[in-house]
Structure formats: structure tokens, C-alpha cells
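Student: Could you take me through this structure slowly, so that I see how each label is earned from a value?

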Amino acid sequence: MNAKSSLQTKPKHEQLGLSDAEVIEMYKYMLLARKFDERNLLLQRAGKINFHVSGVGQEATQVAAAFALDRQRDYFLPYYRDYGFVLTVGMTLTELMLSAFAKADDPNSGGRQMPGHFGSKRLRIVTGSSPVTTQVPHAVGVALAAKMQKKDIVSYVTFGEGSSNQGDFHEGLNFAGVQKLPVIFLCENNQYAISVPVSKQLGGRVCDRAQGYGFPGIRVDGNDALEVYRVVKEARERAVRGEGPTLIESMMYRLSPHSTSDNDLAYRTKEEVDENWKKDGLPKMKSYLIEHGLWSEEQDIALQNDMKQQLKEAVEAADNAPFPKPEDTLLHVYASEGEVH
């Protein structure tokens, strides 16, 4: 048997350089993100939190991308559905719950922002804001700084397909292409910009827009975590070689309503949603692990019970934490004397 045929007989994760432990960990983060989403929906319905934007159906892409990046060095600019991503790069359940409960100890904004507006200096998550797509030019700025400082780090930014119609998106891609910056643009194409289907948003494919700016655009099955890992890893390797940016369009489906304020059946059918549940990347990854003898139903039940306890403790910690004080409203808004350099 030659080397090529020997490689092809290996499970896909081994072909990609992932160990058994790593691919199991990938699944665990996907499941944790799903359970976090489900718990937040219950909390909102119970009146414990005000609002939640779901990422159900997008976990495979989010977690796989995080595994493909350098979680110790790269800079991240996720968008508001990326719970799977931020959990994987190091944000804790308690930290996310503090944000959901709008508590003072929320590391993202001290309880001042909506949930899903992530920010962590410790984890190099650049603070996001409410205007859609503004994270794209910010990511380009981070990549420019990395290039000027000759650091082998990559700036990674995500957004929905609706964002690809905004001016910030095109200006960011153009500048990154001209300067050949180490940035990865990843579009989580979940088929809906709130209530507007993709057929009424785009005249073509998001990934093809990269051609106009002089760098590769790639479309990938966003429900296939291992394939997303491969594509993002190759884009990162390309960036650190100095070959410039990559635009990745990860195809998926938003299995939940846009938010807890949305009635999604007003603009799409239950049959359409049910059909897309069959393509969900979470059970696909679980089946892959079981097929290769890496996981069992018994282990899955035990893991879900453990996560249930983790979530219970995180909710209790956030619920009991103090709210921001009125006098703290302007904290971190204006620089104090001596902070400006």
C-alpha cells in the first residue's frame, strides 16, 4: 500500500492532523453551545433574561473555525450568534450568562450591551457593537497592525450573508486585498437576514465577491465541521505566508427564529425548517464519532448531564451577581488622566 492510499484509509480527522481527543473536544463544544442556546431560550420565556439571539444550527462552523485558528495568538471579531466560537476560544458559561443577565461583572460590556456583543482583552476578542458589519473594517485594521509589526498572527472576522451587502464589507475587503493583509473573512450564510431570504438578498454567491478584490473566495458546507476546519486552516496558513486574505462562505441554516422577539413562521414554513433540521451539523458530528468508535450513547448521556449541571451553576452565579450601579454608566467610556498615550 502506497503512502497516498494509506492516508485515504485513515478517518478524516486524522487526515487533517486532528487527534481523537481533539475531534471529541470539538463535538463537546458544539454540544455545549447548543445547550447554552436552549437554556437561554427557557430563561427568556421565564422572564429571567430580556433577550436572546440564537446560534442554533451554526455551531459546527463556529467551533471548527476556532480549532483551525491559533487560539493563543490570533485576534477574533465574532458576530452576535457566535456562542460556539467564543466558548471554544475560552469564554466561560458564567461569563456568557453574566452578559445575558446584564450584570456588572459581565466581561463583555459590564452589563451595558445586548447579549452577543462579545469582547475580551484576555482572549483577544475585539469588542463588537450594534451596527451590523462594523466589525469587518475593524478586523482589517487589526490585520494591518499585524503586518506592520511583522507578527505571524491572523485577524478572523465573521458575519451573516446580509452583512455582505453593506458598504463596510466591501470597503474592508477592498483594502485587505490591496494590502494583502492576514485576515480571514468568514460569512455564516444561514439563509436569512432576519426575515429576508437569501434569494432576495444576493444576485450571486458571497464567496464570488472576493474575485473583485483580488483574493480567493471559497464556499464550504457549514454543517460539516471537519471540512470547515480544513478550509479555515488552509486560509490561516495562506495568511501567515504573506499571501493575503481569504473569503469563506459557510453554508448553513438558521434553525431557530432570528431572536426571541421574532416569529419565524411568519416568513418561512415549518416544513422548510423541519427539512433543514435533517442537515444539522451537531448530530452529524456525533454520528461521525460513533462510527469511528470514539464515542457512545452512554458517554453522550453522561456529557449532557454534566453540561446540565454546569449550566445550572452558571445561571445561579449570574442570577445572584449584582447589577451595574447607575454611577458606573460612564465607566470605560472616557479615558482617565494618564491613560491616553
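Student: Leaving aside its neighbours within four places in sequence, which residues is D262 in contact with?

Tutor: Bear in mind that this is a predicted model, and that every value we discuss is computed from it. With neighbours within four places in sequence set aside, D262 is in contact with R254, P257 and Y267. The residue itself is found in the loop between β7 and α10.

Student: What makes the link between D262 and Y267 a polar contact?

Tutor: The side chains of D262 and Y267 come to 2.6 Å from one another, and the cut-off for a pair of N or O atoms is within 3.5 Å, so the pair counts as a polar contact.

Student: Why is D262 called buried?

Tutor: Buried means under 20% relative accessible area, and D262 has 18%, so the label applies. S259, found in the loop between β7 and α10, has 8% and is therefore buried by that rule. Not counting residues up to four places away in sequence, S259 touches F51, H52 and V53.

Student: What makes K121 exposed?

Tutor: Exposed requires over 50%, and K121 has 83% relative accessibility, so it counts as exposed. K121 has its place in the loop between α6 and α7, and its C-alpha is 9.8 Å from that of Y75, although the two are 46 residues apart in sequence.

Student: Why is the pair of Y27 and W295 called edge-to-face?

Tutor: A search of the whole structure finds 11 aromatic pairs, and this is one of them. The ring centres of Y27 and W295 are 5.9 Å apart, and their planes stand at 70°; since the centres must lie within 6.5 Å and planes over 60 degrees apart count as edge-to-face, the name follows. The pair links distant parts of the chain, because Y27 is in helix α3 and W295 in the loop between α11 and α12, with their positions 268 residues apart. Both Y27 and W295 are buried.

Student: Why are Y192 and Y267 called tilted instead?

Tutor: Their ring centres are 5.5 Å apart with planes at 50°, and because this angle is neither under 30 degrees, as for stacked, nor over 60, the pair falls into the tilted class. Y192 lies in strand β4 and Y267 in the loop between β7 and α10, so the pair ties together parts that are 75 residues apart in sequence. With 7% relative accessibility, Y192 counts as buried.

Student: How do you know that the charged end of R268 sits over the ring of Y192?

Tutor: The charged end of R268 is 5.3 Å from the centre of the Y192 ring, while the distance limit is within 6 Å, so that part of the test is met; the test also requires a position within 35 degrees of the ring normal. Another such case is K103, which lies over the face of F323 at 4.5 Å from the ring centre.

Student: What makes α4 largely enclosed by the rest of the structure?

Tutor: In α4, 10 of the 10 residues are buried, and therefore the helix is largely enclosed. Among the buried residues are E59, T61 and Q62, as well as A65, F67 and A68.

Student: Which residues have the most contacts inside the largest nonpolar core?

Tutor: They are M26, M97, V232 and M285, in a core of 64 residues. The elements that give two or more residues to this core include α3, α4, β3, α9 and α12, and α3 gives the most, with 10 residues. V232 touches A65, A68, L69, I184, L186 and I248, with residues up to four places away in sequence not counted. A second, separate core has 19 residues, including L181, V183, F185 and V206.

Student: Why is I194 called partly exposed, when Q191 is called buried?

Tutor: I194 has a relative accessible area of 46%, which lies between the limits of 20% and 50%, so it is partly exposed. Q191 has 18%, which is under 20%, and therefore counts as buried. Q191 lies in the loop between β3 and β4, and I194 in the loop between β4 and β5. Phi is near 80° for Q191 and near 55° for I194, each a positive value in a residue other than glycine.

Notes:
Residues numbered from 1 in each chain as written. Heavy atoms only, no water. Core = buried A, V, L, I, M, F, W, Y, C linked by side-chain atoms within 4.5 Å. Buried < 20%, exposed > 50% of the residue type's maximum accessible area, 1.4 Å probe, protein only. Helix = DSSP H or I, 4+ residues; strand = E, 2+ residues; numbered from the N terminus. Contact = heavy atoms within 4.5 Å. Phe/Tyr/Trp six-rings, centres within 6.5 Å; stacked < 30°, edge-to-face > 60°. Polar contact = N/O pair within 3.5 Å; in protein donor to acceptor, adjacent residues only side chain to side chain.
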